[in-house]
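Please open the model in your viewer and keep the selection panel at hand. The tour below proceeds one selection at a time.

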Amino acid sequence: MKSFVLGRKRLAALGCALAAVAMFAAVNSPAVVASATKRQLPIYCVQRDQKMLSISFDAAWGNEDTQQLIDILAKYDIKATFFVVGDWVDKYPESVKALHEAGHEVMNHSNHHDHFSKLSREEIVADVNACNDKIEAVTGVRPTLIRPPYGEYDDKVIAAIRSMDMEPIQWDVDSLDWKEISASEITQRVTSRIQPGSIVLFHNAAKHTPEALPGLIEAILQQGYTFVPISELILPGECDTDYTLDHTGRQCPAT
């Protein structure tokens, strides 16, 4: 009799355990499905067999060094990509024109440098179009690339940008020039981190960037790299159709 009672207790305990497992699975299965949803990413770098890369400059506030940067890049016959804020275009239209006439890409960095994640999809589209309009009015060319302000984004931001047939661009090598580190530190950081298909981040008004740029360019050229604007570095087509992005934001050909 005692054995029978113990058996019933064991069966009851087992039943409770199985019920708990079933309940846990039911409660947590939606979270598993949600986590499996693919996150929307911008392009951080590109899968390239050739030793080629792009250097980019964000222009949001100051303008003291823009012409000097143009002159340095011209010396080495390098074309870069400048992401400019609409307010910066309003203040310095002649610099925007000079960048374009020097053969550099002038692309979008938002209209007012707001936090896009705090805006609605409609507000993002309106902001991007406003900046595009300003750049096109000066250069005659409508931007196809954008770098979100502060490098911030979420799925909504990326979806809004791609709905406009534009590509969101980040970077895989940060020069940290915005921290006002020395020219030698900038050079060491960049040259030690580049790889084929890299996109390097600089700023047009950072304190030591003009000082660092010549030696940095020469060091990269000695490594056998060529410099191209970002629109020539990235792969053409539609995301998830003509190309894919891995979990790091590296753009790869569709297989």
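How many bridges join strand 10 to strand 11? Three bridges join them, and the two strands run antiparallel. Please bear in mind throughout that this is a predicted model.

**First selection: the sheet of strands 1, 11 and 10**

Select strand 10 (243-245) together with strand 11 (residues 250-253). Within this pair, threonine 244 stands opposite cysteine 252 of strand 11. Four residues lie between the two strands of the hairpin, where glycine 249 takes a positive phi near 85°.

Now add strand 1 (residues 45-46), which pairs with strand 11 in the parallel sense over two bridges. Valine 46 has glutamine 251 of strand 11 as its bridge partner. With strand 1 included, the view shows an open sheet of three strands in the order 1-11-10, with mixed pairing. Strand 1 and strand 10 are its edge strands, each pairing on one side only.

**Second selection: isoleucine 234**

Move to isoleucine 234, in the loop between helix 9 (230-233) and strand 10. Is this residue buried or exposed? Isoleucine 234 counts as buried because its relative accessibility is 11%, and the limit for a buried residue is under 20%.

Display the surroundings of isoleucine 234. Leaving aside neighbours within four places in sequence, its contacts are Ile43, Val46, Arg48, Leu145, Glu167, Ile169 and Gln251. Two of these names, Val46 and Gln251, recall the bridge between valine 46 and glutamine 251 in the sheet. For arginine 48, draw a distance to the C-alpha of isoleucine 234: the separation is 9.2 Å, although the two residues are 186 residues apart along the chain.

**Third selection: helix 5**

Select residues 121-139, which make up helix 5. This helix has 19 residues and reaches 27 Å from its first C-alpha to its last, close to the 27 Å expected at 1.5 Å a residue.

Colour Ile124, Asp127, Val128, Cys131, Asn132, Ile135 and Thr139, the buried residues of helix 5. Turn the view to look down the helix axis: the buried residues fall within an arc of 130°, so they line one face of the helix. The face turned away from the buried side carries the exposed residues Glu122 and Ala137.

What do the buried residues of helix 5 pack against? Their partners are strand 3 (81-84), helix 3 (86-91), helix 4 (93-101), strand 4 (105-108), strand 5 (145-146) and helix 6 (155-162). Just after helix 5 comes glycine 140, with a positive phi near 80°.

**Fourth selection: the nonpolar cores**

Select Ile55, Phe57, Leu73 and Phe202. Of the 38 residues in the largest nonpolar core, these four touch the most other members. Helix 8 (residues 209-222) supplies the largest share of this core, five residues. A second, separate core has 32 residues, including Met52, Val157, Ile199 and Ile230.

Return to phenylalanine 57 and show what surrounds it. Beyond residues up to four places away in sequence, phenylalanine 57 touches, among others, Leu69, Leu73, Phe82, Phe202, His203 and Leu213.

**Last selection: the whole chain**

Finally, select the entire protein chain, which has nine helices and 11 strands. Of its 255 residues, 47% count as buried. Among contacts between residues at least 6 apart in sequence, 75% join residues at least 24 apart. With the surface displayed, the protein chain exposes about 12900 Å², of which carbon and sulfur atoms supply 56%.

Conventions: Residues numbered from 1 in each chain as written. Predicted model: local features only at pLDDT ≥ 70, side-chain atom pairs only at ≥ 80, totals over all residues. Heavy atoms only, no water. Core = buried A, V, L, I, M, F, W, Y, C linked by side-chain atoms within 4.5 Å. Buried < 20%, exposed > 50% of the residue type's maximum accessible area, 1.4 Å probe, protein only. Contact = heavy atoms within 4.5 Å. Expected span 1.5 Å × (residues − 1). Arc of directions from axis to C-beta. Areas by Shrake-Rupley, 256 points an atom, 1.4 Å probe, with all protein chains shown as cover. Pairing = 2+ DSSP bridges.
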